[in-house]
Amino acid sequence: MTFDLHGRTRRLELTDQDLRSFEAVVLEATPDGIVLDRSAFYPGGGGQPPDHGVLLWQGVETRIEGVRKGDDLCLVPAEDDPIPPAGTVVRAAVADERRSALMRTHSGLHVLCGVVFRDYGALVTGGNMEPMTARMDFNLPEVPPGFKEAIEDACNAEIAADRRIDVRLLPRAEAFAIPDIIRTATNLVPEGIPEVRIVDIVGLDTQADGGTHVASTKQIGRIKVAKIESKGRGFRRLRIAIAD
């Protein structure tokens with residue numbers, strides 16, 4: 001199994017996170033979903049929502065409002081938009097502002113995760129994001145005085161350090177030999193996956209991850225810890241906002 005192949009679709013965004021436009025051939029199309037031979041639309045996962053965008057073909061535009069994962073990756077067209085028939089060559093464009101905001105947000109969450117793990121030893125129990133806003137849950141029994149301010153200051157110090165964010169693919173055994181490679185309380189890497197995609201904020205946070213990221217922490221902007229909530233005994237939810 002090739003790591004960048006989902007069903008019949010080659011996933012271009014896994015190797016080129018900055019790619020926003022590409023040509024592809026329609027393999028199958030219905031009002032419920034369009035399957036391309038290659039796609040840079042992130043399909044969603046790990047708390048990151050799917051991309052939006054458009055397909056351009058024969059002078060026609062089809063808006064894409066999401067991606068559905070199954071045996072194939074199906075781009076979800078806007079209701080009542082025209083559907084390109086199988087065999088059509090399309091020019092596809094991922095909505096740049098949304099994707100770029102999600103990349104900054106996702107990388108910001110990794111900074112948050114790295115800081116909380118380094119300074120408090122807490123693992124992630126859940127998370128979700130939208131463009132420029134997100135939340136992450138931790139198994140953190142105690143919240144010391146000044147915690148909110150300390151986390152925010154530490155995160156922004158790591159952003160200012162302009163740490164490089166590397167993405168690489170490792171054989172499964174080699175990936176799992178990295179200490180603390182899984183930063184979630186439950187290992188979410190599927191069994192049987194021979195290669196693991198690693199996102200490394202150099203010097204801060206290294207973990208298995210399938211999402212899209214910026215190239216360095218400075219590109220994130222600034223993190224504001226908006227709120228800390230208790231989610232039951234020993235669990236805390238941190239809500240953050242990303243700003244320029």
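Two strands count as paired when DSSP finds at least two bridges between them. Strands themselves are DSSP runs of E with at least two residues, helices are runs of H or I with at least four, and both are numbered from the N terminus. With that in hand, take the hairpin that joins β3 to β4 through two residues.

A word on the ground rules. This is a predicted model, where local features need pLDDT of at least 70, side-chain atom pairs count only at pLDDT 80 or more, and totals for chains, interfaces and linings use all residues. Residues are numbered from 1 along each chain as its sequence is written, and side-chain values use heavy atoms, with hydrogens and water left out.

**The β3 hairpin and its other partner**

Strand β3 covers residues 21-30, and strand β4 covers residues 33-36; they pair in the antiparallel sense over four bridges. One spot to look at is Glu28, whose bridge partner in β4 is Val35. β3 also pairs with strand β9 (residues 89-94), again antiparallel, this time over five bridges. There, Phe22 has Ala92 in β9 as its bridge partner. As a general point, side chains in a regular strand alternate between the two faces of the sheet.

**The whole chain**

Stepping back, the protein chain has three helices and 16 strands. Its radius of gyration is 19 Å, close to the 18 Å that the globule rule gives for 244 residues, so the chain is as compact as a globular protein of that length. That radius is taken over C-alpha atoms, and the rule is 2.2 Å times the number of residues to the power 0.38. Along the principal axes, the C-alpha atoms fill a box of roughly 60 × 40 × 35 Å.

Of the 244 residues, 47% count as buried, where buried means under 20% relative accessible area, exposed means over 50%, and partly exposed is in between (1.4 Å probe, protein chains only). For contacts, the rule is heavy atoms within 4.5 Å. Among contacts with a separation of 6 or more, 66% come from residues 24 or more positions apart.

**The two helices α1 and α2**

How far apart are the end C-alpha atoms of α1? They are 36 Å apart, which agrees with the 36 Å that its 25 residues should span at 1.5 Å a residue. The expected span is 1.5 Å times one less than the number of residues. In α1, 19 of the 25 residues are buried, so the helix is largely enclosed by the rest of the structure. Just after α1 comes Gly121, with a positive phi near 70°.

Helix α2 (residues 147-160) passes the length check too: its 14 residues should span 20 Å, and its end C-alpha atoms are 20 Å apart. Its buried residues include Phe147, Ile151, Cys155 and Ile159. The buried residues of α2 pack against α1 (96-120), β15 (222-230) and β16 (236-243). After α2 you find Asp162, whose phi is positive, near 55°.

**Three residues worth clicking on**

Gln48 sits in the loop between β5 (38-39) and β6 (53-57). Is Gln48 buried or exposed? It is buried, with a relative accessible area of 2%. Leaving out residues up to four places away in sequence, Gln48 touches Tyr42, Leu102, His106, Met129, Gly211 and Thr212.

Arg237 lies in strand β16 and counts as buried at 14% relative accessibility. With the same cut on sequence neighbours (up to four places away), its contacts include Arg135, Asp137, Lys227 and Glu229.

His6 is in strand β1 (residues 5-6). Among the residues it touches are Arg11, Lys69 and Leu73. Its C-alpha atom is separated by 45 Å from that of Gly146, 140 residues apart along the chain.

Each of these residues makes a polar contact, meaning a pair of N or O atoms within 3.5 Å; within protein, one must be able to donate a hydrogen and the other to accept it, and residues adjacent in sequence count only if both atoms are side-chain atoms.

| Side chain | Partner | Distance |
|---|---|---|
| Gln48 | His106 side chain | 2.7 Å |
| Arg237 | Asp137 side chain | 2.7 Å |
| His6 | Gly70 backbone oxygen | 2.8 Å |

**The small sheet around β1**

Three strands form an open sheet in the order β1-β2-β5, with mixed pairing. β1 and β5 stand at the edges, each with a single partner strand, so one side of each is left without a neighbour in the sheet. β1 runs antiparallel to strand β2 (residues 9-11), joined by two bridges, and Leu5 stands opposite Arg10 in β2.
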